[in-house]
Amino acid sequence: MSKVLRTLLLVFAMAPALPALAFADDNICSRPGVGEVVKTPPDLYSSNGVLAVSLNYFTSLDKLNRTRFCFVTPDGKESPTLHVLPGDTIQIALTNMVSQQAEGGSYDSEVVSNDRTRCGAKNMTLSSVNIHFHGTNTSPKCHSDDVIHTLVNSGETFTYNVKIPTDEPPGLYWYHPHVHGISAAAVNGGASGAIIVEGIAKFQPAVKGLPQRLLIIRDESLAHPPKLNKGAPNAPFWDISLNYVPIAYPRYIPSIIKMHAGAQEFWRVVNASADSITDVQLQYDGVAQPLQIVGFDGVPTGSQDGKHKGSIITQTDILIPPAGRAEFIVTGPTSTVTNATLYTLGIASGPAGDSLPKRPLAKIETTTDPHWLPAVVERTSPYNGDRFANLADAKVTAHRTLYFSEVQIRAHYPPGGHDAKLKRVPGGGGVEFFITVDGQQPTLYNVQNPPAIVTHKGAVEDWTIQNRSPEHHEFHMHQIHYLLMAINGVPVPKDQQQFYDTYQVPYWTGTGPYPSITVRMDFRGAVVGEFVYHCHILDHEDGGMMANIRVLPKGPPPTGPN
């Protein structure tokens, strides 16, 4: 990591609200109030194989002096949901409307590309932006889903042409900024939206005709942070919101979801938080309700066997890490239920992890009003095979071990309680974060680093991801999904294996074996080029916990250690 980037991160650390970057205008990046009814984001649909949209990137300050970021269409639609079919192209004209003068002060910029690798601007500044099409199995090339070199600076317009594969699994994806060093601030500020690849009813017929409800969980800086040295150990590190309705510490006034009594709905949930792990549970009068899961991370559960048929998994809670998605069927409360609440349960994220107490997300209120939610229909085109079919039985061409680790770089921390938050400011603060291939030297991410892993198209690899640190980390892979094969060395039964693009690796207690997951990487698809993998707690990613992988065109395996 360069001195320039360290300086940029220090700016974020000293002023997490970034007031110099924003404008006090509630009409830009507007947000609903506490306790409001959850509204569905605006929907945009592809037509004739193309979804063309212009998005302007704005920033502003709210009334509490917190910095907001947002993507808005020219006609005022904030964070629209992008609906596409397999084989469609997403065309986005992205214009950065954040004033360069708003950066406040004269900071050198960070060079992230040269004439050969340039994709947009060469130099990163505090106002830079790009878009990651999270979970999509799309090309990492310039003007597609490249986050390494793509930069759109103040006043510039950049055009994306993202081709969705014809065999893209139908389900829930999302988009968000991914400029290394400032991604956490942008996502924490609310710049994110959903992508839905249509056709899930073909794989999961149980959802056909159900009203579908999109719920996006985000986190943000605390509206009412506890005073230092006042002993508030249960205070969260971040507030959370549901479709931008804030659920703020310490009162935790939930949002409102209105449902027909006893009716089934199809819920599509994105954890679009920068840093907050969630564990969602629906309780009726204190009793956890069954959640019938039909998809994780955009892939219908049990669907990748070549039969185009999924299976339903029933749980009473669903752990959704930052960037994770879960799609499931719920049944509304009957008229006799007096307290129906959607929660995120408390999570012990480790001695160095964020405080994540149990909090309500929404109160469920029954209504007899006509349904305004759109029904799931089979809006689909011919589906060209299964993207990851038969991966569990494929020949493995390489085995690798990677590990998460972190190093404290500040000699003294304030006393305990909520004061410990001071060591975990955006960009990592007093901690350096690493993801390392076993046998290599731990290295903070730098765009100039050579790829830590080189493989080739057609490869199938088993990676064991260890956590050697005292807090949870969330392993995210760009461009492809992976099959979860084992947890802590214990194989996952074949009929329970699922595909993910983000999965949690729990913290290490300091003794005994390192917690780990083993995942099967599928490079048999069309993706060729260089992209990244990282922890999707974005403060950790910004703090260095990311590396590049290069996939070469199909040929003999590259030489070197596996």
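Helices and strands here are DSSP runs, numbered from the N terminus. With that in hand, select Glu36, which sits in the loop between α1 (3-14) and β1 (43-45). Keep in mind throughout that this is a predicted model.

**Stop 1: Glu36**

Show the side chain of Glu36 and look for the backbone nitrogen of Gly33, which lies 2.8 Å from one of its polar atoms. Next, add Val245, Ser255 and Ile256: Glu36 touches these residues, leaving aside those up to four places away in sequence. Pro254 is worth adding too, since its C-alpha atom is 8.3 Å from that of Glu36, although 218 residues separate the two along the chain. Is Glu36 buried or exposed? Neither quite: Glu36 is partly exposed, because its relative accessible area is 32% and the partly exposed class runs between 20% and 50%.

**Stop 2: an open sheet**

Now select four strands, in the order β3-β2-β5-β11; they form an open sheet with mixed pairing. Look at the edges, where you will find β3 (67-72) and β11 (157-163). Each has a single partner strand, so one side of each has no neighbour in the sheet. Turn the view to see the twist: on average, neighbouring strands of this sheet are turned by 20 degrees against each other, direction ignored.

Zoom in on β5 (residues 89-96) and β11, which pair in the antiparallel sense over seven bridges. To find one bridge, pick Thr89; its partner in β11 is Lys163.

**Stop 3: two nonpolar cores**

Which residues touch the most other members of the largest nonpolar core? Select Trp267, Trp463, Phe475, Met477, Phe523 and Tyr533, out of 62 residues in that core. Then color strand β31 (residues 431-437), which supplies the largest share of this core, four residues. Another core, of 28 residues, lies apart from it; Val53, Phe71, Cys119 and Val152 are among its members.

**Stop 4: Thr367**

Move to Thr367, in the loop between β29 (359-366) and β30 (398-408). Thr367 is buried, because its relative accessible area is 17%, and the cut-off for buried is under 20%. A polar atom of the Thr367 side chain is 3.1 Å from the backbone nitrogen of Asp369. Beyond four places in sequence, Thr367 touches Lys258, Met259 and His260.

**Last stop: confidence**

Finally, color the chain by pLDDT. The mean for the protein chain is 90, and 87% of its residues reach 70 or more. Select residues 102-106, where pLDDT stays under 50 and the model has nine contacts beyond four places in sequence. Residues 411-429 also stay under 50, and for them the model has 48 such contacts.

Notes
Residues are numbered from 1 along each chain as its sequence is written. This is a predicted model: local features need pLDDT of at least 70, side-chain atom pairs count only at pLDDT 80 or more; totals for chains, interfaces and linings use all residues. Side-chain values use heavy atoms; hydrogens and water are left out. pLDDT is the predictor's confidence in each residue, from 0 to 100. Contact means heavy atoms within 4.5 Å. Helices (H or I, at least four residues) and strands (E, at least two) are DSSP runs, numbered from the N terminus. Buried means under 20% relative accessible area, exposed over 50%, partly exposed in between (1.4 Å probe, protein chains only). A polar contact is a pair of N or O atoms within 3.5 Å; within protein, one must be able to donate a hydrogen and the other to accept it, and residues adjacent in sequence count only if both atoms are side-chain atoms. A nonpolar core is a set of buried Ala, Val, Leu, Ile, Met, Phe, Trp, Tyr and Cys residues joined through side-chain atoms within 4.5 Å. Two strands pair if DSSP finds at least two bridges between them. Axes are lines fitted to C-alpha atoms, for helices over the stretch in contact, and angles run from 0 to 180 degrees between N-to-C directions.
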